[in-house]
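Student: Hey, can we go through this protein together? I'm new to reading structures.
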Amino acid sequence: MEHFVHNTSKCLACLSNSVAPSVYVTEPSYDDLIGETARVTCLVLGYILVDVQVAWEVDGKASSEVETGAPEQANGTQSITSTHKITLEQWKSRTNFTCKVKLPCFGEVTQDMPLMDTTYPAHEPTVSASVSCPDPEETPGKRDSHTFLCDVTGFFPADISFRWEHNGSIVPASQYSSGPIVRSGQAYSAQSILRVPRPKGEGEAGPQYFCLVWHMTLNETLKVKVKAGNCELKLPKGDERVVHPNMVKAPITPRGE
């Protein structure tokens with residue numbers, strides 16, 4: 001009896017019934033860029049990723065500032081997440097980050113990070129704040145609170161960040177909602193809404209609240225003041241600007257005076 005031996009490579013065997021993994025690269029959030037914790041994320045999705053190798057290039061040069069996790073299994077597929085540090089200045093200067101994935105049987109796949117939008121000229125945002133008084137016919141719970149609205153319009157590109165400050169402390173993000181960012185022509189608009197308890201006692205001014213806004217066009221952080229108190233309170237005519245530690249320092253100059 002004759003015996004035949006066929007040498008079949010692993011790649012030839014797997015290509016007949018395998019699907020090439022997919023590679024996705026997502027840009028960092030502007031909140032993380034401001035907070036100096038931003039990372040670009042490369043996500044690899046496929047069926048067998050044990051032998052996959054992930055590397056990064058920054059403006060065409062290999063970089064080692066990388067964190068890559070082990071393959072994770074879910075719903076019959078595997079995923080690998082790799083991240084690379086990015087700074088606010090790198091984002092503003094449109095530094096190119098490339099994720100390079102070496103895949104057995106499928107060669108190398110590269111994917112670039114989306115860059116900051118420069119389709120139109122940059123526009124500084126216009127910020128206004130208002131206190132929405134409760135409707136007398138609303139439920140008691142709503143009548144016992146103030147709703148603060150921070151409205152930002154006319155900015156480009158879309159990178160924007162909101163914070164609320166209460167008596168000198170940053171309000172936890174879980175206590176307010178921001179967005180969505182809406183585009184109209186060559187500009188964007190967005191809102192942030194904060195609801196707080198009304199102070200007890202008619203006419204009581206209550207604690208101070210500020211809406212803080214960061215945008216790519218600003219060398220300073222816009223700080224707009226509102227107050228919790230009775231609904232007859234009016235907002236100040238101008239706003240204040242404060243310097244964010246990640247931005248270029250400039251004098252604090254009240255506007256509208």
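Tutor: Sure. One term to start: a strand here is a DSSP run of E with at least two residues, numbered from the N terminus. Keep in mind that this is a predicted model.

Student: OK, so which strand does Q191 lie in?
Tutor: Q191 belongs to strand β16, which covers residues 187-197.

Student: And is Q191 buried, exposed or partly exposed?
Tutor: Partly exposed, because its relative accessibility is 33%, and that class sits between under 20% for buried and over 50% for exposed.

Student: What is Q191 in contact with, leaving aside its neighbours within four places in sequence?
Tutor: Its contacts are L149, C150, D151, F162, S177, S178 and G179. Take C150: it is 41 residues from Q191 in sequence, yet the two C-alpha atoms are 5.6 Å apart in space.

Student: Switching topic: in what order do the strands of the open sheet come?
Tutor: The order is β4-β3-β8-β9, four strands with antiparallel pairing. At the edges are β4 (61-63) and β9 (107-112), each pairing on one side only. From one strand to the next, the twist averages 35 degrees.

Student: How many bridges join β8 to β9?
Tutor: Six, with β8 spanning residues 97-103. One example is C99, whose bridge partner in β9 is Q111.

Student: Last one: which way do the side chains of β1 point?
Tutor: They alternate along residues 22-26: V23 and V25 are buried on one face, while S22, Y24 and T26 point to the other and are not buried. Strand β1 also runs antiparallel to β2 (residues 39-46), joined by five bridges, and V23 has V44 as its bridge partner there.

Definitions and conventions
Residues are numbered from 1 along each chain as its sequence is written. This is a predicted model: local features need pLDDT of at least 70, side-chain atom pairs count only at pLDDT 80 or more; totals for chains, interfaces and linings use all residues. Side-chain values use heavy atoms; hydrogens and water are left out. Two strands pair if DSSP finds at least two bridges between them. Axes are lines fitted to C-alpha atoms, for helices over the stretch in contact, and angles run from 0 to 180 degrees between N-to-C directions. Buried means under 20% relative accessible area, exposed over 50%, partly exposed in between (1.4 Å probe, protein chains only). Contact means heavy atoms within 4.5 Å.
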